[in-house]
Amino acid sequence: MTKYLISFPSAAMVLPEGDLQAVSDATHAVVQEAKDAGVWVFGGGIDESIPPVMVDGGGTVSGGTYPQTAHLEGGYSVLELPSYDAAVEWAAKIAAACRCAQELRAFAYDPAS
């Protein structure tokens with residue numbers, strides 16, 4: 001089976017005032033459905049209050065990021081699924097719960113993971 005990353009940037013989730021609890025409830029329900037189906041691997045949102053840092057091979061920490069990931073934020077789910085079509089179905093469920101489109105990417109196969 002293949003692992004898929006389903007994600008969205010924070011700015012994509014624009015909600016009418018007062019809808020946050022309903023969206024939270026809907027997303028938690030989809031997560032529970034994925035867990036019950038045995039396809040959930042990991043998920044969560046980037047804590048945007050903690051700035052990213054770079055850590056080199058010697059353990060030296062410096063502020064900042066790679067330029068292409070400077071705006072990495074939002075919500076992420078990793079599911080292990082039998083097909084691309086199944087991944088599209090789960091991405092649609094998450095999109096409906098979050099009320100925003102989701103980006104879908106497949107992880108390359110790694111027999112050790």
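Begin with the sheet of this predicted model: select its 4 strands, and you will find an open sheet in the order 2-5-1-6, with antiparallel pairing. Strand 2 (40-45) and strand 6 (103-106) stand at the edges, and because each has a single partner strand, one side of each is left without a neighbour in the sheet. Looking from one strand to the next, you can follow a twist that averages 15°.

Next, select strand 1, residues 2-8, together with strand 5, residues 75-81, which pair in the antiparallel sense over 7 bridges. To look at one of these positions, pick S7 and then Y76 in strand 5, which is its bridge partner.

Now add helix 2, residues 84-98, which lies across strand 1, strand 5 and strand 6 and runs at about 25° to strand 1. The 15 residues of helix 2 should span 21 Å at 1.5 Å a residue, and the end C-alpha atoms are 21 Å apart, so the two values agree.

Which residues of helix 2 are buried? Colour A86, A87, W90, A91, I94, A95, A97 and C98 to see them; these buried residues pack against strand 1, helix 1 (20-37), strand 5 and strand 6.

Stay with W90 and show the side chain of K93 as well, since K93 lies over the face of W90, at 4.2 Å from the ring centre. If you go on to look for aromatic pairs, a search of the whole structure finds 0 of them.

Finally, move just past the end of helix 2 and select R99, which takes a positive phi of about 65°.

Conventions. Residues numbered from 1 in each chain as written. Predicted model: local features only at pLDDT ≥ 70, side-chain atom pairs only at ≥ 80, totals over all residues. Heavy atoms only, no water. Pairing = 2+ DSSP bridges. Helix = DSSP H or I, 4+ residues; strand = E, 2+ residues; numbered from the N terminus. Axes fitted to C-alpha atoms, helices over the stretch in contact; angles between N-to-C directions. Contact = heavy atoms within 4.5 Å. Phe/Tyr/Trp six-rings, centres within 6.5 Å; stacked < 30°, edge-to-face > 60°. Lys NZ or Arg CZ within 6 Å of the ring centre and 35° of its normal. Expected span 1.5 Å × (residues − 1). Buried < 20%, exposed > 50% of the residue type's maximum accessible area, 1.4 Å probe, protein only.
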